[in-house]
Structure formats: C-alpha cells, structure tokens
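Hi everyone, thanks for making time this morning. I'd like to walk you through one model, so let me put it up on the screen.

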Amino acid sequence: MSDASASQPAKRVVVAAPRGYCAGVDRAVVTVQRALAVYGAPVYVRKQIVHNRHVVETLEQEGAVFVDELSEMPSGSLVIFSAHGVSPAVRAEAVERGLRTIDATCPLVTKVHHEARRFAKQGVPIVLIGHAGHEEVEGTTGEAPDDITLVQTPDDVDELDIDPGAPLAWLTQTTLSVDETRETVERLHERFPRLIDPPSDDICYATQNRQGAVKQIAGHSDLVIVVGSRNSSNSVRLVEVALENGARRAERVDNAGEIDPAWLEDVTTIGITSGASVPERLVDGVLERLAELGYPRADEERLVEESLSFALPPELRACRAGGPGRRTRSPLAPRAVGPVADAPGAEDRPAAPSEPAVTGA
Ligand code: SF4
C-alpha cells in the first residue's frame, strides 16, 4: 500500500436508525395480508396501501387489487382503506355501492381526523398545514371541508383571509418537516393571537424520529441516500432534512438499481436512511450495492428505540390464534442491523385511545 492511500480516510457507510417501517405502515400491510388469508383474493385496496412501489407490487402478487376509485370494483367487494385515511364522503360512497370495508387508516391519522371534527363542532375554523393533493390531506379536509383552509408554506400564512382577532386552530399532515412546520406555526401565532394549538403533535413519532436520526448522520455524511418512493411524503422530507443539516448531497432512490456511481466521486462517508413505508430488504440491497462500489463497512447510528405497534382493524382481530388471521409481523417488515444505542429525549407516542397498542408484535 502506498503512503498516499494509507493516509486516506476509510470509506464507510453510516445507517440511521430508526428508519423504515413505522407502526402504521406495518399494521396496514399486515391488514392486507391477513384479509387475503381470511377472505381470499381479490381484496381491493383504495389507493396505494402505503406509498411504496415495492410494497404495492408485492401485495399485488399476493392477490391485492389497487384501485383509485370505489367505482372500479363490483358491488359486494371487500375494500381496504389505505393508511393515509379517507374522508367521510368516501365511507358514504362505499355504503351506497354495497361494499364491505376494512379501515387500515393509521390511528395517528385518525387522531387528526378526530381533532378536525372537534374543532369544527366548536365552530373554530382550522388551518391545516400540509401538501395539496396528498391523500391524507384530502381525507382530513373531508372531515370539515367548510371549516378547513390549507396552508402549504410559512409564506402562505400572510395570504390567509381569516379574521386575525377570531379564534383559529391549526392541525398538520403527519409526515411534514418538523422544522418547516415550526416556522409556519410561529407565523400563525404572530398573525393570530387567539390561535389554538392541537392537544398533541400531529407530526407523528415515526416522522419525527426518522428526521432526528437523519439529522444525526447528515453532518458527517458526504452523501445521504434516502430509500423511498417518489410519492412518499416522509421520504422526500428526509432528503430535504439531510441537505438542511449538513449533507453535501442527498438523493432518493426506490432501490439499489437507482444508485448512480457518479454520485460517489470524492465521497468518503455515505449516510443511509429510509422512509416509513420502506421494507428493510430494500436498504439491505442498497448496502450490498455500496459494498460492490467500494464501501464495505456499515455502522448503525441510532437516535432512539421504537416499540410502538397498533392493533389490527377489529374485523381481523378475532381470528383463531395460529390460524390464518394470527397477528404476525409482515415479512416485508424491518429487521435490526448493527449495534443499538439509546438516545434520550425522544419516545414513542401512545396509540390513539380507540386503537390500543399491541406489544411484542
Ligand atoms: S408515518 Fe406516522 S402517521 Fe404515517 S402511517 Fe406511519 S406512524 Fe402512521
């Protein structure tokens, strides 16, 4: 080995944790798998059950049929509502069309729906911070369409046509940037002195933990690779958070095949993370590809442990233990990689009251 190569820092990969599947995604995927086992194919799913191409394609192979509209399925069909939630109008349409339904809405999204209904019932207008067109925003807005105004950026606050002296409540999509949302809320508080905060954060524990974990690795990563699909809001936010927190470059990939070797020029340390709807096997594939490209060493940096899980929808809970309906972790679910170190200051949030947490899932 030459003196020059001996003095070069070793190429390495740091893998952020927590990453990948959250409790709501795991529940949604297992819901589809269990419904297929109990009721048989086809099981229809309205929209993508979670925003990940690989997960959707895998479930399609198992017999799930993904549709955009309820009109695309015959009366009497079984349809599952996705983790992002649906508006009351969609539920009503399902009844009108004679469909059987199972609701895989994440309980943390359901919590935001409850808050929207409560404020609307009290006659308090609501500002919803989120992204136009996202399914979760459409579902939440549908709970109180006449009372909710969407705000997408801090600057949108200046454009709001709402009486500054009147009470006003704010809610958010669950997968936003923590930092940008804080700025928007500060602007709301400045403009609306009677602004009412939600009882607890709407940005969910998984989004917060994944953003905290990527911040931790971004500062010492020349390149951060986020595994996640283009339409995954929380994955796209991870790219932004990495760039805002010191990563020289950040790229999102659906899988290892999308890694461009040109990105690796002059790169010593690569940070890796994945969105909340990404199975760990895709991260494994990225690590294998990076090993081929000269980055054989991977170490995990963990911000916090997560142990939250949610009970399945009631229709699927009563199956006999050991039968096809037994609660099992999805085979698409993550497995632990590398050493684990707890960090103080963050913890899982409890399940919504209507959905008791299940441990040891
Ligand atoms: S990202 Fe958060 S809100 Fe969305 S499914 Fe996961 S836990 Fe639920």
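Let me start with a question: in which sense do strand S10 and strand S12 pair, and over how many bridges? Before I answer, please keep in mind that this is a predicted model. So, S10, residues 223–227, and S12, residues 269–274, run in the parallel sense, and 5 bridges join them. If you want one to look for, take Val-224, whose bridge partner in S12 is Gly-271.

Now let's zoom out to the sheet around that pair. There are 5 strands in an open sheet, and reading across, the order is S11-S10-S12-S1-S13, with parallel pairing. At the edges you'll find S11, covering 249–253, and S13, covering 297–302, each of which pairs on one side only. From one strand to the next, the twist averages 25°.

What lies across this sheet? One element is helix H8, which lies across S1, S10, S12 and S13 and runs at about 155° to S1, the strand at 12–17. Helix H10, residues 280–292, lies across S1, S10, S12 and S13 too, and its angle to S12 is about 165°.

Let's stay with H8 for a moment, and look at its packing against helix H9, residues 233–244. The angle between H8 and H9 is about 30°, and their axes are 9 Å apart. Because of that angle, H8 counts as roughly parallel to H9. The crossing of H8 past H9 is right-handed. Who makes the contact? On the H8 side we have Thr-207, Arg-210, Gln-211, Val-214, Lys-215 and Ala-218, and facing them from H9 are Asn-234, Arg-237, Leu-238, Val-241 and Ala-242. By class, that H8 and H9 contact has 5 nonpolar, 3 polar and 3 charged residues.

H8 also takes us to my last stop, the ligand. How many residues surround the ligand, and which are the closest? There are 15 of them, and the closest are Cys-22, Gly-24, Cys-106, Thr-174 and Cys-204. At least two residues of this shell come from each of helix H2 (23–39), helix H5 (107–121) and H8 (205–218). H2 gives the most, with 3 residues. As for the character of the shell, 10 residues are nonpolar, 5 are polar and none is charged. Compare that with the contact between H8 and H9, where 3 residues are charged.

That's my tour, and I'm happy to rotate the view for anyone who'd like another look.

How values were computed. Residues are numbered from 1 along each chain as its sequence is written. This is a predicted model: local features need pLDDT of at least 70, side-chain atom pairs count only at pLDDT 80 or more; totals for chains, interfaces and linings use all residues. A residue is near a molecule or strand if its C-beta atom, placed from the backbone, lies within 6 Å of it. Helices (H or I, at least four residues) and strands (E, at least two) are DSSP runs, numbered from the N terminus. Ala, Val, Leu, Ile, Met, Phe, Trp, Tyr, Cys and Pro count as nonpolar, Asp, Glu, Lys and Arg as charged, and the others, Gly among them, as polar. Axes are lines fitted to C-alpha atoms, for helices over the stretch in contact, and angles run from 0 to 180 degrees between N-to-C directions. Angles under 35 degrees count as roughly parallel, over 145 as roughly antiparallel, 65 to 115 as roughly perpendicular and the rest as oblique. A crossing is left-handed if the near helix is turned anticlockwise from the far one by less than a right angle, and right-handed if clockwise. Two residues are in contact if their C-beta atoms, placed from the backbone, lie within 7 Å. Two strands pair if DSSP finds at least two bridges between them.
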